[in-house]
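This briefing introduces one structure to a reader who has not seen it before. It covers the packing of two helices, a nonpolar core and a contact between chains.

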Amino acid sequence: MLRVLSSLTLNQRLALLAFVLGLVAIAAAPARGGRVTFDSGDMARRAASGSGRVAARALADWIIQGRSDFRLVDIRTPEAFAAGPRIPTAENIPLDALFDAGLDRGEKILLVGDDQVAVAQAWLLLEASGYSGASVVDGGLAAWRDQVVYPRVDGADVSTRSRLAAVSAHFGGAPRTGGDADAPAAMAAPGVVQAAPGVPRLPPSGGKKPAPAKKREGC
Amino acid sequence: MMAPFLKYDVFGSETSLVVAFLIGLGFGFALERAGFGSARKLVSQFYLNDLAVFKVMFTAIITAMLGVTYLSWIGVLNLSLVYLVPTFLLPQVVGGLILGAGFVVGGYCPGTALAATATGRMDAIVYGLGLYAGTFLFAELYPLIKPLHTATPMGQVTIPQYFSLSYGVVVFAVVLMAIGGFAGAGWVEKWMAARKELNVVAGGQ
């Protein structure tokens, strides 16, 4: 054995080494994607500090400004997304398809849904998997409805009132005052929030398409 | 400590530039020392006289592949965080053909052109200027090229995923391919050298 080894040239020995390493590697099972490690203490501290949340009104301003540096991800099932009210520019990525949708680590991702537990789970999964720009729309679709589309304006001063009215009008709603009934549960504003099934997304008012600026890697 | 270091915030993006500079230094040095700063050396690959480019590149591929495999196996490297260039089948075939034709005609690929520029080779400098002009042209014509550029997207797909093979089997198959390739390349080089000798003898008569 040793005599055979010593009779080989350096190149042949290297080739033999590669062969052996390759053969052993058949048993290798490097986890791709499935397994992640994260600093649980750090995650807990960040979650407790309330970071990773975006208020519904801030999101409304971003959409009106036509900002395109974030992706608004609605994690409801496709059926619920198609049927229910949606936030303009939102794209539907159900929770179980989150890692097949080509989201980029490092891009700003805003998660929204009607089930805040599911949204929080999606956020945790993304954070733990290294998607450092993931945030949650605080209060989900309910907050969007109650704070943006049909906001309560009781006690607000005139300028705040008119600003809220303008924002809600942009999204096809109207402000509510104390006497009004609760916000319409379905948010059935024609054309804007309750888009027809064939019209999945509406461009923001700026006319700019929400094309997220993707960070490019590789050569 | 887990890799990739940048993704795990072991160092920031400023430090990553320093690291990139050092790696680039080593890469350029290795290219030049392997003789790849010469268009003659590179092109003789296509005349089958000298398959050093093929051997060096394939050696680099299997060295890196085995390194990545074992590092991720022992849990030091998180493969899911290593960036994969998305596959666009048609545009990448077209791009490969253009790059291959340019490689044969110009005598360099982009990286070796830069390494050769550093040694002051005029042909490499002109090649490099062409490279920047071509990149500029691509950007300016992008609206026209976009339908091709974004055609046939397959996402960030790997061979084990696409063919539902185990990762290790693909690693071993690539190692076998490389060893077969080295043996074949050696044989082709000998055969070409013998043919040349034959031609010289025939020409001398």
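Helix 4 of chain A and helix 7 of chain A are roughly perpendicular to each other, because their angle of about 70° falls within the 65 to 115 degrees that count as such. The model is a predicted one.

**Two packed helices**

- Two packed helices are described by the angle between their axes and the distance between the axes.
- Helix 4 of chain A spans residues 56-65 and helix 7 of chain A spans residues 140-149, and their axes lie 9 Å apart.
- The crossing of helix 4 of chain A and helix 7 of chain A is right-handed.
- On the helix 4 side of chain A, the contact is made by A:Ala56, A:Arg57 and A:Ala60; helix 7 of chain A brings A:Ala143, A:Trp144, A:Gln147 and A:Val148.
- By class, the residues of this helix contact are five nonpolar, one polar and one charged.

**The largest nonpolar core**

- This core has 32 residues, and A:Leu110, A:Leu111 and A:Val112 touch the most other members.
- At least two core residues come from each of several elements of chain A, including strand 2 (70-74), strand 4 (108-112), helix 6 (116-128), strand 5 (134-137) and helix 8 (158-170).
- Helix 4 of chain A supplies the largest share of the core, five residues.
- Helix 7 of chain A also supplies at least two.

**The contact between chains**

- Chain A contributes 20 residues to the contact and chain B contributes 22 residues.
- The side of chain A that touches chain B consists of 11 nonpolar, six polar and three charged residues.

Methods: Residues numbered from 1 in each chain as written. Chains lettered and ligands numbered in written order. Predicted model: local features only at pLDDT ≥ 70, side-chain atom pairs only at ≥ 80, totals over all residues. Contact = placed C-beta atoms within 7 Å. Nonpolar A, V, L, I, M, F, W, Y, C, P; charged D, E, K, R; others polar. Axes fitted to C-alpha atoms, helices over the stretch in contact; angles between N-to-C directions. Helix = DSSP H or I, 4+ residues; strand = E, 2+ residues; numbered from the N terminus. Parallel < 35°, antiparallel > 145°, perpendicular 65-115°, else oblique. Left-handed = near helix turned anticlockwise from the far one by under 90°. Core = buried A, V, L, I, M, F, W, Y, C linked by C-beta atoms within 7 Å. Buried ≥ 20, exposed ≤ 12 C-beta atoms within 10 Å, placed from the backbone.
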